[in-house]
Structure formats: C-alpha cells, structure tokens
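Me: I have a model open at the bench and would like to talk through the labels used for it. Could you take me through the reasoning?

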Amino acid sequence: MSEVLQQLARVLEARKEADPETSYVASLHQKGLNKILEKVGEECTETVLAAKDAEHSGETRALISETADLWFHTLVMLSRLGLGPDDVLEELASRFDLSGLEEKASRTRQ
C-alpha cells in the first residue's frame, strides 16, 4: 500500500516545479505554505463532516473521497517542507512497541 504513497510523492516532487498554469500542485507551491495549509485545514474539516455523515447514514464513499483529498494535501504540505510519506511511516512504525498512552505521554515530556 505504501507503494501508492511513494508513487504519489514522486509525482508531487516532479510537479513542484511545473507550470502553475497547468499543474494544481505547482499552483499551490507558487501560492506558498499558507495556501497549502489552508487547503489541509479545509480538507480536514470536510473529512470530519463526512465521517459524521457516514456514522449516521452508513454511506462511506464521501468519507473515503474526503480522506483521499486530506492525504493528498497533507503530502503536498510535507513535500513543501522537504518531507515525504516515508518520514511519517517511519514515525508510525516507531510507535508499534508503545501503547498509545505511553507514546502520548512521551511527547509531553520532550
């Protein structure tokens, strides 16, 4: 599954320098980090609302679509900052031997 993330990360890197007139990713980078963060926040809100709707209706298609949009824009954000999905996957992997409560407590001590 992470192969999809790797492929998307490569495409996002390539499109960073593309023509903003023909590439949505390039247009986001041209507008800067604040615009990218605005999109992440927008997609986050839409994902939350879709999850609430899915809980009541049982229909999950919109939730999946909104989550894909959120992940996409999050990957654009990471790319802007010189990071990628491997950085996040490594962090997640490092948490396997910790309980969620232990991991959360370790963050507050740092």
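Me: Which residues are linked in a network of salt bridges?

Reply: Happy to help! In this predicted model, the network links Lys-39, Glu-42 and Glu-43.

Me: What makes the contact of Lys-39 with Glu-42 a salt bridge?

Reply: The cut-off is a Lys or Arg side-chain nitrogen within 4 Å of a carboxyl oxygen of Asp or Glu. Lys-39 and Glu-42 have an N to O distance of 3.0 Å, so the pair qualifies. Glu-43 also bridges to Lys-39, with the closest N and O atoms 3.8 Å apart.

Me: Why are Lys-39 and Glu-42 about one helical turn apart?

Reply: Because they sit 3 residues apart in helix 3, which covers residues 33-57. Glu-43 and Lys-39 are 4 residues apart in helix 3, and that is also about one helical turn.

Me: Why is Lys-39 called buried?

Reply: Buried means under 20% relative accessible area. Lys-39 has 13%, so it counts as buried. Glu-43, at 5%, is buried too, whereas Glu-42, at 33%, is partly exposed.

Me: How do you know whether Leu-89 is buried, partly exposed or exposed?

Reply: Partly exposed lies between under 20% and over 50%. Leu-89 has 32% relative accessibility, so it counts as partly exposed. Leu-89 is found in helix 5 and, with Val-88 and Leu-92, makes a nonpolar surface patch of about 220 Å².

Me: Which classes of residue line the largest pocket?

Reply: The lining has 8 nonpolar, 1 polar and no charged residues. Among them are Trp-71, Thr-74 and Leu-89, and the pocket holds about 210 Å³ of space.

Notes. Residues are numbered from 1 along each chain as its sequence is written. This is a predicted model: local features need pLDDT of at least 70, side-chain atom pairs count only at pLDDT 80 or more; totals for chains, interfaces and linings use all residues. Side-chain values use heavy atoms; hydrogens and water are left out. On a 1 Å grid over the protein atoms alone, a cavity is a set of points where a 1.4 Å probe fits but cannot get out, and a pocket is an open set with protein on both sides within 12 Å along at least five of seven lines; lining residues have an atom within 4 Å of a point. Grid points are joined across faces, edges and corners, and a volume is the space filled by probe spheres set on the points. Ala, Val, Leu, Ile, Met, Phe, Trp, Tyr, Cys and Pro count as nonpolar, Asp, Glu, Lys and Arg as charged, and the others, Gly among them, as polar. Patches are made of residues with over 30% relative accessible area and no salt bridge: like charges are joined within 9 Å, nonpolar side chains (Val, Leu, Ile, Met, Phe, Trp, Tyr) within 5 Å. Accessible areas come from the Shrake-Rupley method with a 1.4 Å probe; for residues, only the protein chains shown count as cover. Helices (H or I, at least four residues) and strands (E, at least two) are DSSP runs, numbered from the N terminus. Buried means under 20% relative accessible area, exposed over 50%, partly exposed in between (1.4 Å probe, protein chains only).
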